[in-house]
Amino acid sequence: MMSEKLQEIHPGKVLSEDFIRPMGLTIKRLAANIDVPVGRIRDIVNGHKPITIDTAARLAVFFDMEVRFWLNLQTEYDLRVMERELMPKIKLLIRPLKYHTKTEIT
């Protein structure tokens, strides 16, 4: 049995499917209520932009929840994307400290 990780879920999908749609909101109405441009919410929902700390704070106040919830969603998404896309490239470029001699480090 192969152990595969689930595909990353962008926080915008959570925002859309678990908050906006079930609560009968629109992107436009949410944006107006949290005082941000409609494009910001649209870009987040479409997975084109991250949830910044500013947006996380606004969403937390609006939905009466912790800022940490939104930041954790974004961080988990970013970590999974990094592990899949960026880390393999970095591992090819960087020699871990254990392979260096003292003179190479200083």
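Where does His-10 lie relative to α1? In this predicted model, His-10 sits in the segment before α1, and a look at its surroundings offers a friendly way into the structure. The residue is buried, with a relative accessible area of 11%. Its side chain reaches two backbone oxygens: that of Ile-44 at 3.4 Å and that of Lys-49 at 3.2 Å. Leaving aside neighbours within four places in sequence, the contacts of His-10 are Ile-44, Gly-47, Lys-49, Pro-50 and Tyr-77.

With that starting point in place, the overall layout can be described. The chain contains six helices and zero strands, and reading along the sequence gives the pattern α-α-α-α-α-α. Of the 106 residues in the chain, 25% are buried. Among contacts with a separation of 6 or more, 50% join residues that are 24 or more positions apart.

Helix α1, which spans residues 11–20, meets helix α3, residues 38–45. The axes of α1 and α3 come within 6 Å and cross at roughly 100°, which makes α1 roughly perpendicular to α3. On the α1 side, the residues taking part are Gly-12, Lys-13, Leu-15, Ser-16 and Ile-20, and they meet Ile-41, Ile-44 and Val-45 of α3. Sorted by class, this contact of α1 with α3 has five nonpolar, two polar and one charged residues. Ile-44 is thus a residue to remember, as its backbone oxygen is also one that the side chain of His-10 reaches.

Helix α1 also packs against α5, here at an angle of about 135° and with the axes 9 Å apart. The two helices are therefore oblique to each other. From α1, the contact draws on Pro-11, Val-14, Leu-15 and Phe-19, while α5 brings Phe-69, Trp-70, Leu-73, Gln-74 and Tyr-77. By class, the contact of α1 with α5 has eight nonpolar residues, one polar residue and no charged residues. Leu-15 appears in this contact and in the one with α3. Tyr-77, for its part, is in contact with His-10 as well as belonging to the α5 side of the packing with α1.

Beyond the pairings of α1, helix α4 (residues 53–63) shows how buried and exposed positions can be arranged around a helix. Which residues of α4 are buried? They are Thr-55, Ala-56, Leu-59, Ala-60 and Phe-63. Seen down the axis of α4, these buried residues fall within an arc of 135°, so they line one face of the helix. As background, an α-helix has 3.6 residues a turn, so residues three or four places apart point the same way. The face of α4 turned away from the buried side carries the exposed residues Ile-53 and Val-61. The cover over the buried residues of α4 includes α1, α2 (27–33), α3 and α5 (67–93). Just after α4 comes Asp-64, which has a positive phi, near 55°.

A last stop is the loop between α1 and α2, where Leu-25 is found. Is this residue buried or exposed? Leu-25 is buried, with a relative accessible area of 12%. Not counting residues up to four places away in sequence, Leu-25 touches Phe-19, Ile-20, Phe-62 and Phe-63. Of these partners, Phe-63 is itself among the buried residues of α4, and Phe-19 also takes part in the contact of α1 with α5. Ile-20, meanwhile, is one of the α1 residues that meet α3.

Technical notes:
Residues are numbered from 1 along each chain as its sequence is written. This is a predicted model: local features need pLDDT of at least 70, side-chain atom pairs count only at pLDDT 80 or more; totals for chains, interfaces and linings use all residues. Side-chain values use heavy atoms; hydrogens and water are left out. Axes are lines fitted to C-alpha atoms, for helices over the stretch in contact, and angles run from 0 to 180 degrees between N-to-C directions. Helices (H or I, at least four residues) and strands (E, at least two) are DSSP runs, numbered from the N terminus. Angles under 35 degrees count as roughly parallel, over 145 as roughly antiparallel, 65 to 115 as roughly perpendicular and the rest as oblique. Contact means heavy atoms within 4.5 Å. Ala, Val, Leu, Ile, Met, Phe, Trp, Tyr, Cys and Pro count as nonpolar, Asp, Glu, Lys and Arg as charged, and the others, Gly among them, as polar. Buried means under 20% relative accessible area, exposed over 50%, partly exposed in between (1.4 Å probe, protein chains only). The arc is that of the directions from the helix axis to the C-beta atoms. A polar contact is a pair of N or O atoms within 3.5 Å; within protein, one must be able to donate a hydrogen and the other to accept it, and residues adjacent in sequence count only if both atoms are side-chain atoms.
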